[in-house]
Amino acid sequence: MIISPILLDLRRQLNDQINLFSGVEFNVEPAQGLNGICDFIITHSPERLIVTAPVSPFGEVTHSRIHAFKSKNPINKFRGLSQRTP
């Protein structure tokens with residue numbers, strides 16, 4: 001509810017050169033954990049019904065999401081980061 005008005009104003013300021021999507025399933029590389037539903041996706045495409053490249057997906061980051069990512073990421077396990085609390 002906080003970010004939506006900001007994104008809509010950004011779109012207005014850019015003369016509708018970007019499109020906004022919310023709650024869209026975005027599966028880039030499921031084997032690597034790059035899948036799920038994004039809070040928001042910004043596209044630089046005239047397409048308004050289908051998400052097309054280039055895109056900038058983003059969403060809310062919570063403590064549980066950070067911990068889940070750290071425990072799944074082999075680089076963080078190697079560095080010992082998965083044992084730390086953010």
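1. Let's start with Arg 11 and what it touches. Leaving out residues up to four places away in sequence, Arg 11 is in contact with Asp 16, Ile 18, Asn 19, Leu 20 and Arg 48. Keep in mind while looking at these contacts that the model is predicted. Arg 11 sits in helix α1, and with 16% relative accessibility it counts as buried, since the cut-off for that label is under 20%.

2. One of those contacts is also a salt bridge. Asp 16 pairs with Arg 11, and their closest N and O atoms are 3.4 Å apart. Is Asp 16 buried or partly exposed? Asp 16 has a relative accessible area of 45%, so it goes down as partly exposed. Its partner Arg 11, on the other hand, is buried at 16%.

3. How many salt bridges turn up in the whole structure? The search finds two. Besides the Asp 16 to Arg 11 pair, there is one between the side chains of Asp 9 and Arg 12, with an N to O distance of 2.6 Å. Asp 9 and Arg 12 are both in helix α1, which covers residues 3-13, and because they are three residues apart there, about one helical turn separates them. As for accessibility, Asp 9 is partly exposed at 30%, while Arg 12 is exposed with a relative accessible area of 54%.

4. Helix α1 also has a residue in a nonpolar surface patch. Ile 3 lies in this helix and belongs to a patch with Ile 2, Ile 6 and Phe 58. Together the four have about 380 Å² of accessible area. Why can Ile 3 be part of it? Patch members need over 30% relative accessible area, and Ile 3, partly exposed, has 33%.

5. Phe 58 takes us from the patch to strand β5, which spans 55-58. Which strands make up the sheet, and in what order? The order is β1-β4-β5, an open sheet of three strands with antiparallel pairing. At its edges are β1 (19-21) and β5, each of which pairs on one side only. From one strand to the next, the twist averages 15°. As a reminder, strands of a sheet pair through backbone hydrogen bonds.

6. If you want to check the pairing by eye, try β4 and β5. Strand β4 takes in residues 40-43 and is joined to β5 by four bridges, with the two running antiparallel. For a specific pair, look at Ile 42, whose bridge partner in β5 is Ser 56. Over at the other edge, β1 (19-21) includes residues that Arg 11 touches, namely Asn 19 and Leu 20.

7. Now for the overall layout. The protein has three helices and five strands. Read from the N terminus, the elements go α-β-β-β-β-β-α-α. Three of the strands, β1, β4 and β5, are the ones in the open sheet described above.

8. Last, some whole-chain numbers for your notes. Of the protein's 86 residues, 20% count as buried, and Arg 11 is an example of a buried residue. The accessible surface comes to about 6700 Å², with carbon and sulfur atoms accounting for 59% of it. Among contacts with a separation of 6 or more, 29% are between residues 24 or more positions apart.

Key: Residues are numbered from 1 along each chain as its sequence is written. This is a predicted model: local features need pLDDT of at least 70, side-chain atom pairs count only at pLDDT 80 or more; totals for chains, interfaces and linings use all residues. Side-chain values use heavy atoms; hydrogens and water are left out. Two strands pair if DSSP finds at least two bridges between them. Axes are lines fitted to C-alpha atoms, for helices over the stretch in contact, and angles run from 0 to 180 degrees between N-to-C directions. Buried means under 20% relative accessible area, exposed over 50%, partly exposed in between (1.4 Å probe, protein chains only). Contact means heavy atoms within 4.5 Å. Accessible areas come from the Shrake-Rupley method with a 1.4 Å probe; for residues, only the protein chains shown count as cover. Patches are made of residues with over 30% relative accessible area and no salt bridge: like charges are joined within 9 Å, nonpolar side chains (Val, Leu, Ile, Met, Phe, Trp, Tyr) within 5 Å.
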